[in-house]
Amino acid sequence: MTERDYAPLSPACVRGLCDKIYEKRKFAGVEIEKMVKDFSDTNNTNQIKRLIRVLGQDLISSTNPNVKNGALMGLSSVAVGLGKGCESYVGELTHPIVACLGESEARVRYSAAEALYNVLKIVRAAALPYFTLIFDSLARLAADPEPQVKQGAELLDRLVKDIVTESASFDLAAFVPLVRERMYTRSASARQFAVSWICALDAAPALGLRKYLPDLLDGLFTILDDPNPEIRRMCEVQLNEFLRSIRKEHSQVDFQAMINSLITHAQSSEELLQLTAITWMREFVELSGARMLPFASGILTAVLPPLAYADDPRKSIL
């Protein structure tokens, strides 16, 4: 490829952008910002699109990590230069950056996390159509072995949660299957990631996550049996929050959709799991009354064995 193929980037800008030294890449990035602002002021969309193609296709396809990092810096600079105007180019900016989050080179993954953060910070809710793509990438990064990449991913994750919780148009129905999938894995990082998202979205009542509790409850009880004490504690706290909301607004709760899951987990050999499930069942019986009669046989099967326990918290609940 000749230097002319990288237009509208100058040869000097390309060299600086692809340099291994960060300061040189940053200087080239500032040049791209200025260039994009000029294109935007004159409504030169063709040049903007051409520039994004050069960065997001030509340069980013290089096998050289320095060139990839330069391309990521350039895409980030395009977003900064466009400001709110980059909402028209969210897909073109997001897809190549997200692809680099899966690179084998840790420095490229970190640069991609940084670039995506810079883009999303500007476009915010305009990125929601690409939420599934972003969420899947965040879930992978949560298990990244490199501390620097993981740190960058945590900042990115917090930003995406902020964007979601402040948006009235977030599609919870599409989100729930994504988070459920990760609740049933054996991966500690995936489970912790899933619970952290449930906690964050439940903390924004306007989103209405609690109406999807029947879809999430079994997974949460499954995680409550995790060998990692930190994950168990996170899950226990969130289950307590859900139970507190059920007590306050029980007229809107679909008890029948959740009771069978509780009956199953109440028969667990793990004390915390069994204790929590029995606590929930007692609340369900007290709050829903006759609606639990069709499930009486299963409830009795679950609660009769704990009655034989001496001086046990599970017995005191019944």
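Trainee: Is F284 buried or exposed?
Mentor: This is a predicted model, so the answer is a computed one. The relative accessible area of F284 is 0%. Buried means under 20%. F284 is therefore buried.

Trainee: Which ring pairs with F284, and how are the two planes set?
Mentor: The partner is F255. The two ring centres are 4.8 Å apart, and the planes stand at 80°. Planes over 60 degrees apart count as edge-to-face. So the pair of F255 and F284 is edge-to-face.

Trainee: Where do F255 and F284 lie, and how many residues apart are they?
Mentor: F255 sits in the loop between α12 and α13. F284 belongs to helix α14. The pair links distant parts of the chain, and the separation is 29 residues.

Trainee: Is F255 buried or exposed?
Mentor: F255 has a relative accessible area of 0%. The cut-off for buried is under 20%. F255 is therefore buried.

Trainee: Which residues does L262 touch, leaving out those up to four places away in sequence?
Mentor: Start with the place of L262: helix α13, residues 256-265. L262 is at 0% relative accessibility, so L262 counts as buried. Its contacts beyond four places in sequence are L217, F221, A277, W280, M281 and F284.

Trainee: What separates the C-alpha atoms of L262 and G298?
Mentor: Along the chain, L262 and G298 are 36 residues apart. In space, their C-alpha atoms are separated by 9.8 Å.

Trainee: How are α11 and α13 oriented to each other?
Mentor: Two packed helices are described by the angle between their axes and the distance between the axes. Helix α11, residues 213-223, packs with α13 at about 10°, and the axes are 9 Å apart. Angles under 35 degrees count as roughly parallel. The two helices, α11 and α13, are therefore roughly parallel.

Trainee: Which residues make the contact of α11 and α13?
Mentor: From α11 come L213, P214, L217, D218, F221 and T222. From α13 come A257, M258, S261, L262 and H265.

Trainee: How do the residues of that contact of α11 with α13 divide?
Mentor: Each residue of the contact is put in one of three classes: nonpolar, polar or charged. The division is 7 nonpolar, 3 polar and 1 charged.

Trainee: How many salt bridges does a search of the whole structure find?
Mentor: Side chains of opposite charge can pair when their charged atoms come close. One such pair is R210 and D202, at 2.5 Å from N to O. The search of the whole structure finds 14 salt bridges.

Trainee: Is D202 buried or exposed?
Mentor: Its partner R210 is at 34% relative accessibility, so R210 counts as partly exposed. D202 is at 6%. The cut-off for buried is under 20%. D202 therefore counts as buried.

Trainee: Which helix holds both R244 and E241?
Mentor: The side chains of R244 and E241 meet in a salt bridge of 2.5 Å, N to O. The two residues are 3 apart, about one turn of the helix. R244 is at 38% relative accessibility and so counts as partly exposed. Both R244 and E241 lie in helix α12, residues 229-248.

Trainee: Which residue forms a salt bridge with E283?
Mentor: The closest N and O atoms of this pair are 3.1 Å apart. The pair links distant parts of the chain, helix α14 and helix α12, 36 residues apart. E283 is at 8% relative accessibility, so E283 counts as buried. The partner of E283 is R247.

Trainee: Which residues of helix α7 are buried?
Mentor: Helix α7 spans residues 131-141. What covers its buried residues includes α5, α6, α8, α9 and α10. The buried residues are F131, I134, F135, S137, L138, A139 and L141.

Trainee: Which residues form one aromatic cluster with F170 and F175?
Mentor: The structure holds 13 aromatic pairs. F170 and F175 form a tilted one, 5.8 Å centre to centre with 55° between the planes. F175 is at 1% relative accessibility, so F175 counts as buried. The cluster joins F170 and F175 with F131, F135, F193 and W197.

Terms used: Residues numbered from 1 in each chain as written. Predicted model: local features only at pLDDT ≥ 70, side-chain atom pairs only at ≥ 80, totals over all residues. Heavy atoms only, no water. Helix = DSSP H or I, 4+ residues; strand = E, 2+ residues; numbered from the N terminus. Buried < 20%, exposed > 50% of the residue type's maximum accessible area, 1.4 Å probe, protein only. Contact = heavy atoms within 4.5 Å. Salt bridge = Lys/Arg side-chain N within 4 Å of Asp/Glu carboxyl O. Axes fitted to C-alpha atoms, helices over the stretch in contact; angles between N-to-C directions. Parallel < 35°, antiparallel > 145°, perpendicular 65-115°, else oblique. Nonpolar A, V, L, I, M, F, W, Y, C, P; charged D, E, K, R; others polar. Phe/Tyr/Trp six-rings, centres within 6.5 Å; stacked < 30°, edge-to-face > 60°.
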